[in-house]
Amino acid sequence: MITALYKKDWKAHWKLLLAILVISAMYLTVIIFMFDPSGGDVLEQLAALKMPEEFLAAFGFTSADPSLLGFLASYLYGFLLLALPLVSTIIVANRLMAAMVDRGSMASILSSAVTRRQVAITQAAFLISYLMVQMLFITGAGLVISAAQFPGMLHQAGFLKLNGGLFMAHLAISALCFFFSCLFGETRRALAFGAGLPVMFLVMQMLVNYNPDLKALRWLSFFSLFAPGDFVAGSPVWLPMLALALIATALYAAGVVVFDKKDLPL
Amino acid sequence: MNVIEINGLTKRYGEKKGVFDLNFSIKEGEVFGYLGPNGSGKTTTIRHLMGFLNPDRGRCTIAGLDCRKDSAKIQQDVGYLPGEIAFFDEMKGVEYLRFMSAMRGKKWAERADEMLSRFDLDPSGRIKRMSKGMKQKLGLVAALMHDPATLILDEPTSGLDPLMQATFVALMREEKLRGKTILMSSHSFEEIEKTCDRVGILKEGRMQALVEVTALKTSRRRVYALHFDSEQDQAAFARQGLDVIWQGPGQVHVALTGDLQPFFSALAGSRASGLDVVTQRLEDVFISYYGGNNHDHSAV
């Protein structure tokens, strides 16, 4: 871990983080305010908009559980909070490795008596902490806004677990983006895979939501290992969580090793 | 003692691209000029020295350490200037120097201020807004500011104005006196001639010659262009028995090696209206060193 590089990363990326946090806060507020504690289904309200149910389902807008937690799980954690942090992960993961090799600024870093392994580990640590800040913020904002609007109605332990699950899903995805960013020395290719695959996962998730007959597709996407409904129902989730942890560890480690070994066109 | 050693280094990118079975070494305190046309493999060699590339065959070492495996250790005492420097978009010049100092665990490198004043560089502005020459200076300051024992400089004077080139040459001489080992690449013979003890000439990835600069200087063929207003004067001059390599309307190119006396006497009796030095391609300099006359010299 190289402190100077880690600090520089924060300096270069805090603005994007701020933007993501502001947008997340906005979505959280809007969605939480839409909750109707009398048990009325928001789907009915949305039906007034005359949108087909399947279309709404694609975005995870299906409520099986009438609690506030169930409501948030389907309306926020089914799609929105998967997509939003993903945007920053894709951009930042690419900038941390591939873009620096592509542009040549990695030469400055590697000529200052640090090992490639140290550089890759520092960048991975930054990407993970970047994600962590977003998750902590989302969790905190969710708790605060819920408490302000519907005091005592949120099942807090369940909500914390749900956010833990979201973090694990994003961790695995960030590992994938990081791996491609290490593997390719060109932004173009790193993005084709590092953005293409996660976006494809997201689309698959939507397709599965839209048409449950396509369930088989689920197993091609990391996101299906994170099923918000299971957190609400209190069903055991340790197995998919373990799988996400293993995927994340393997891909981050592979990224570091690949970067350590490869030819750098600097 | 050899500081830099390159043994059988091979990296193939294609039939004539890359480097092929390179062998040379640079002694402590030596200034080595690495010459070759664009695409001849100079930068590829330097990338190996910096540990950026894995050789197909062979290896290179600096101070006895393997350039690929021990790059971090090696670079504690190496200053590097890339051929095409890329900085960080968001930074100001001073922030870049502070960052590069911090990467080496220092607040502000010990010679940073001295180098800034030597190169007359104000680093307070955004790097993005700097001219090519300013960026080059910033890169040089970053390469020199931690006072490394070995310098690896890829085309150090590109983008510098003549005054700064002179500053650079003077600085390299001082660094040599301070015992630094220097490898610098260039495609200009003139630049290498002023600073280096020895040159290696590279072509299509293969080392063509390793020569002491003093030897190269004395045997170096120079080409002069003489201008004439009248055809008779031109014809009279051309008959003087000098090595005329090309003639055109109003112009004669003569090649000279070593003793300039015959040229001066021919000149004294002629009615030339002008005299220019013809800048030669590297290949021509090299060919003249080896006395290769089987090449076509006409295209100057």
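**Exercise 1. Contacts of Glu28(B)**

Find which residues Glu28(B) is in contact with, leaving aside its neighbours within four places in sequence.

*Solution.*
- Start with the criterion: two residues are in contact if their C-beta atoms, placed from the backbone, lie within 7 Å.
- Apply it. Glu28(B) is in contact with Met1(B), Val3(B) and Thr181(B), its neighbours within four places in sequence left aside.
- Locate the residue. Glu28(B) sits in the loop between strand S2 (18–27) and strand S3 (31–35) of chain B. Helices (H or I, at least four residues) and strands (E, at least two) are DSSP runs, numbered from the N terminus.
- Judge its cover. A residue is buried with 20 or more other C-beta atoms within 10 Å of its own, exposed with 12 or fewer, and partly exposed in between; C-beta atoms are placed from the backbone. Glu28(B) has 14 C-beta neighbours inside 10 Å, so it counts as partly exposed.
- Add a distance. From C-alpha to C-alpha, Glu28(B) and Glu191(B) are 21 Å apart in space, and 163 residues apart in sequence.

A note on the source. This is a predicted model: local features need pLDDT of at least 70, side-chain atom pairs count only at pLDDT 80 or more, and totals for chains, interfaces and linings use all residues. Residues are numbered from 1 along each chain as its sequence is written, while chains are lettered from A and ligands numbered from 1 in the order in which they are written.

**Exercise 2. Positive phi in two loops**

Take Ala63(B) and Glu204(B). State phi, place and exposure for each.

*Solution.*
- Ala63(B) is not a glycine, yet its phi is positive, about 50°. Its loop runs between strand S4 (57–62) and strand S5 (65–66) of chain B. Ala63(B) has 18 other C-beta atoms within 10 Å, so it is partly exposed.
- Glu204(B), also a residue other than glycine, has a positive phi near 45°. Its loop runs between strand S9 (198–203) and strand S10 (206–212) of chain B. With 16 other C-beta atoms within 10 Å, Glu204(B) is partly exposed.

**Exercise 3. A four-strand sheet**

Work out the strand order of the open sheet in chain B, and what packs on it.

*Solution.*
- The order is S12-S13-S11-S14 (chain B), with antiparallel pairing. Two strands pair if DSSP finds at least two bridges between them.
- Strand S12 (243–248) and S14 of chain B are the edge strands, each pairing on one side only.
- Neighbouring strands are turned by 25° against each other on average, direction ignored.
- Helix H9 (residues 231–238) of chain B packs on the sheet and touches S11, S12, S13 and S14 of chain B. The direction of this helix makes about 155° with that of S11(B). Axes are lines fitted to C-alpha atoms, for helices over the stretch in contact, and angles run from 0 to 180 degrees between N-to-C directions.
- Count the bridges. Seven join S11(B) to strand S13 (residues 251–257) of chain B. Here Arg222(B) has Leu256(B) as its bridge partner.
- Six bridges join strand S11 (residues 221–228) of chain B to S14(B). Tyr224(B) is partnered by Val277(B).
- Check the cover of S14(B). None of the seven residues of strand S14 (residues 272–278) of chain B is buried, so the strand lies largely in the open.
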